[in-house]
Amino acid sequence: MTAEVPKRTLITMMNALSSGVVPRRGLEYIAVGRKKETETFVNDLEDTYQGGGAFRFISGRFGNGKSFMTQMIRNYAMEKGFVVMDADLAINRRLTGSKKEGLNLYRELIKNMAYKARPDGGAMEPILQTWILDTKDRIEKEKESEATREDIEKAMRSSVSDISNLQNYQDFMRVIICYMNDFLDGKDDITAVRWLKGELDVKKESRKELGTNALIDDSNWYDMIKIWTGIVKRIGFKGMVIFIDEGVVLYKLQNKVSRSNNYERLLTMFNDIMQGKTQYLSIYVCGTPEFIEDPNRGLYSYEALRSRLVAGRYENGFDNYLGPIINLKPLTNEEIFVLLRTIKDLHEQRYGYESGITDDMLETYLRTVMGSVVSSTMITPREITRDLISLLDTLHQNKDLEFLDLVEGRAIAADTNPDDEIIEDLEV
């Protein structure tokens with residue numbers, strides 16, 4: 001029997017799963033398999049905490065568990081004291097572009113900045129405010145008198161002085177100090193917030209309000225991420241972990257120059273972390289096998305990336321969970337069965353009833369699903385669980401219906417693979 005799940009978490013989980021999306025909360029209740037992959041990510045976090053980092057590509061077909069895996073490690077990272085950021089790539093939100101696509105990605109990452117006490121995002125200002133108030137309190141305990149603004153600024157700058165060599169550090173800290181003053185003055189509309197979120201795009205306003213001509217843009221947003229990483233580490237967190245999903249968006253770009261520019265930015269970030277130039281930062285990029293391996297449009301079409309990512313000549317098809325690419329294999333039928341039984345138990349908890357559905361019935365359901373497609377690789381855990389929830393909803397609302405009557409002989413169609421879509425991109 002599945003452990004009792006808090007009501008709010010249970011509702012959030014079931015709503016997400018019934019819609020075919022990965023829930024933000026409660027993943028630990030439905031996690032099955034992925035032991036070796038999980039061990040890799042746990043080791044990555046330990047390396048990151050020790051001053052290293054990781055850059056890995058997570059590969060898997062649609063619905064095969066990429067988003068689930070990254071959400072699991074995101075939650076685990078927050079639990080262990082890391083700050084996390086995450087974003088999905090989109091046609092207007094990429095690593096770089098001519099129409100602020102890179103800036104849009106930075107904005108999304110900052111919006112989704114989170115930590116244990118703020119797991120749903122929006123953590124930028126709480127982090128800054130905690131830093132300011134903790135610094136103020138420490139000074140006042142040491143001096144046994146009220147801390148001046150000059151004292152607070154000096155202490156804040158001192159606490160992060162060892163990252164002063166990072167590009168754009170001086171402008172960044174100037175804005176942080178402006179935020180500190182406005183926050184302590186109790187202002188509501190703080191220009192520094194817009195600058196830090198990448199929402200300020202007029203140099204004149206930045207110069208007048210903040211004393212700097214610098215702005216966050218496509219060319220420097222990754223440099224700003226490195227500064228954020230340095231700050232959160234030095235004010236008490238263990239480091240930063242970033243998740244970028246939907247890498248297939250880059251694969252779908254029709255314009256070769258656009259693809260190459262984005263792959264070049266990926267290469268820069270990869271080299272930066274793997275060569276140890278950046279500390280306390282790990283990045284995970286998720287995509288389909290085509291996004292990585294296609295020789296014409298994927299990462300392998302960019303020779304500098306291909307040479308770093310291609311499997312070693314001695315792997316010979318064996319699993320390697322320590323390399324730059326983590327290939328997520330489909331769950332086994334046994335693992336899927338455990339998942340289905342858990343989903344059934346959670347549905348009963350959600351609506352406070354007993355379904356009467358036995359393990360034998362669930363086995364029949366699974367056999368019917370697997371027998372309704374040409375290959376088991378054409379049906380994913382996402383579809384199987386979503387359809388089971390729909391089936392359970394129907395049975396719960398129609399007491400005269402029988403589980404096996406609905407299941408036997410019914411074919412369940414797999415989702416259309418969106419890989420066939422090509423994104424038109426006129427950028428040169």
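The following conversation goes through strands, salt bridges and charged patches of this predicted model.

User: What should I know about the model before we begin?
Analyst: This is a predicted model in which local features need pLDDT of at least 70 and side-chain atom pairs count only at pLDDT 80 or more, while totals for chains, interfaces and linings use all residues. Residues are numbered from 1 along each chain as its sequence is written, and side-chain values use heavy atoms, with hydrogens and water left out.

User: Why is strand β3 called largely enclosed?
Analyst: Buried means under 20% relative accessible area, exposed means over 50%, and partly exposed lies in between, with a 1.4 Å probe and protein chains only. Six of the six residues of β3 are buried, so the strand is largely enclosed by the rest of the structure. Met240, Ile242 and Ile244 point one way from β3, whereas Val241, Phe243 and Asp245 point the other way, and all are buried.

User: How do you know that β2 and β3 are paired?
Analyst: Two strands pair if DSSP finds at least two bridges between them, and helices (H or I, at least four residues) and strands (E, at least two) are themselves DSSP runs, numbered from the N terminus. Six bridges join β2 to β3 (residues 240-245), and the two run parallel, so the requirement of at least two bridges is met. Within this pairing, Val84 stands opposite Val241 and Asp86 stands opposite Phe243. Strand β2 (residues 83-88) is mostly covered, with five of its six residues buried.

User: What makes β4 a partner of β3?
Analyst: Five bridges join β3 to β4 (residues 281-287), and these strands run parallel. In β4, Ser282 is the bridge partner of Val241.

User: Why is the contact between Lys116 and Glu79 called a salt bridge?
Analyst: A salt bridge is a side-chain nitrogen of Lys or Arg within 4 Å of a carboxyl oxygen of Asp or Glu. The side chains of Lys116 and Glu79 meet at 3.2 Å, N to O, so the pair satisfies that limit. Lys116 lies in the loop between α4 (101-111) and α5 (124-143) and Glu79 in helix α3 (residues 66-79), so the pair ties together parts that are 37 residues apart in sequence. Lys116 is called exposed because its relative accessible area is 51%, and the cut-off is over 50%.

User: How do you know that Glu348 and Lys344 are buried, and how are they placed?
Analyst: Glu348 has a relative accessible area of 11% and Lys344 one of 10%, so both values fall under the 20% limit for buried residues. Their closest N and O atoms are 4.0 Å apart in a salt bridge. Being four residues apart in helix α15 (residues 333-351), Glu348 and Lys344 are separated by about one helical turn.

User: What makes Lys203, Lys204, Arg207 and Lys208 a positive patch?
Analyst: Patches are made of residues with over 30% relative accessible area and no salt bridge, like charges being joined within 9 Å and nonpolar side chains (Val, Leu, Ile, Met, Phe, Trp, Tyr) within 5 Å. Lys and Arg count as positive and Asp and Glu as negative, while His and the chain ends are not counted. Lys203, Lys204, Arg207 and Lys208 form such a positive surface patch. Lys204 is in helix α9 (residues 203-210), and at 63% relative accessibility Lys204 counts as exposed.

Notes:
Areas by Shrake-Rupley, 256 points an atom, 1.4 Å probe, with all protein chains shown as cover. Charge placed at Lys NZ, Arg CZ, Asp CG, Glu CD.
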